[in-house]
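User: I am new to this structure, and I would like a close look at its aromatic rings. Please also show me the strands, helices and charged side chains that go with them.

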Amino acid sequence: MKIRIKDNSIRFRLTQSEVAELGENGIVSSFTQFVERPFIYVIERTDDEVLSAEFIENRMVMKMPKRMVDEFVSTDRVGFDGQTGEVKLLVEKDFVCIDNTLEDQSDNYPNPSLKC
């Protein structure tokens with residue numbers, strides 16, 4: 001799972017296996033290990049009605065309603081957006097990059113712009 005943060009905007013991008021894990025287990029997480037403690041980022045299925053997020057201690061949790069998770073897993077829908085306070089939220093499927101990259105993209109979704 002990747003995150004991109006810019007000012008008051010947070011975007012989570014999930015590979016195919018991460019989307020499947022979210023659908024199966026209701027949670028997917030990753031972390032970056034800093035010297036003192038890890039920075040943990042999570043997407044968690046909830047019974048809430050809207051996409052929201054919270055940050056407590058060293059853990060950022062995107063709360064994704066069950067109906068969104070179900071649609072995310074079972075359709076071609078690319079993503080969902082929401083807002084918590086002034087922070088804009090986006091969760092989306094991670095597509096193969098069009099340009100060259102050294103990053104392993106074997107689990108990314110096929111890019112619809114690349115008609116092979």
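Analyst: Happy to help: we start with the rings, then move to the sheet and helices, and end with the charged side chains.

A word on the ground rules first. This is a predicted model, so local features are taken only at pLDDT of at least 70 and side-chain atom pairs only at pLDDT 80 or more, while totals for chains, interfaces and linings use all residues. Residues are numbered from 1 along each chain as its sequence is written, and side-chain values use heavy atoms, with hydrogens and water left out.

Now for the rings. Two numbers describe an aromatic pair: how far apart the centres are and the angle between the planes. Here, rings of Phe, Tyr and Trp (its six-membered ring) pair if their centres lie within 6.5 Å; planes under 30 degrees apart are called stacked, those over 60 edge-to-face, and the rest tilted. Searching the whole structure in this way gives 4 aromatic pairs. One of them joins Phe-12 and Tyr-41: with ring centres 6.5 Å apart and planes at 70°, this pair is edge-to-face. Phe-12 belongs to strand β2 (residues 9–14) and Tyr-41 to strand β4 (residues 38–46), so their pairing ties together parts that are 29 residues apart in sequence. The strand and helix names come from DSSP runs numbered from the N terminus (helices are H or I with at least four residues, strands E with at least two).

Are these two side chains buried or exposed? Buried stands for under 20% relative accessible area, exposed for over 50%, and partly exposed for what lies in between (1.4 Å probe, protein chains only). Phe-12, at 0%, is buried, and Tyr-41, at 8%, is buried too. Ring pairs also bring in Phe-39 and Phe-55, making a cluster with Phe-12 and Tyr-41.

Another pair is Phe-72 with Phe-80, whose ring centres are 6.2 Å apart and whose planes meet at 65°, so it is edge-to-face. Both of these phenylalanines are buried. Lys-93 lies over the face of Phe-72, 5.4 Å from the ring centre; this label needs NZ of Lys or CZ of Arg within 6 Å of the centre and within 35 degrees of the ring normal.

Next, the strands that carry some of these rings. Strands are said to pair if DSSP finds at least two bridges between them. Strand β2, home of Phe-12, pairs with β1 (residues 2–6) in the antiparallel sense over 5 bridges. In this pairing, Lys-2 stands opposite Arg-13. The two strands form a hairpin with 2 residues between them, and Asp-7 in the turn has a positive phi of about 50°.

Strand β4, home of Tyr-41, is part of an open sheet of 4 strands, in the order β3-β4-β6-β5 with mixed pairing. Its edge strands are β3 (27–33) and β5 (52–56), each pairing on one side only. The twist averages 15° from one strand to the next. Between β3 and β4 the pairing is antiparallel, over 7 bridges, and Ser-29 stands opposite Val-42.

Helix α1 (residues 16–25) lies across β3, β4 and β6 (59–65), at about 125° to β3. Helix α2 (residues 66–74) packs on the sheet too, touching β4 and β6, with its direction at about 80° to that of β6. Contact here requires heavy atoms within 4.5 Å, and angles run from 0 to 180 degrees between N-to-C directions, using axes fitted to C-alpha atoms (for helices, over the stretch in contact).

Finally, the charges. A salt bridge is a side-chain nitrogen of Lys or Arg within 4 Å of a carboxyl oxygen of Asp or Glu, and the count comes to 9. One of them joins Lys-6 to Asp-7 of the hairpin turn, with the closest N and O atoms 3.2 Å apart. Lys-6 is exposed at 57%, and Asp-7 is exposed at 66%. Glu-54 meets Lys-63 at 3.3 Å, N to O, and Glu-54 is partly exposed at 31%. Arg-77 bridges to Glu-71 at 3.4 Å; Arg-77 is partly exposed at 35%, and so is Glu-71 at 30%. A network of salt bridges links Lys-2 and Arg-13 with Arg-11, Glu-92 and Asp-94.
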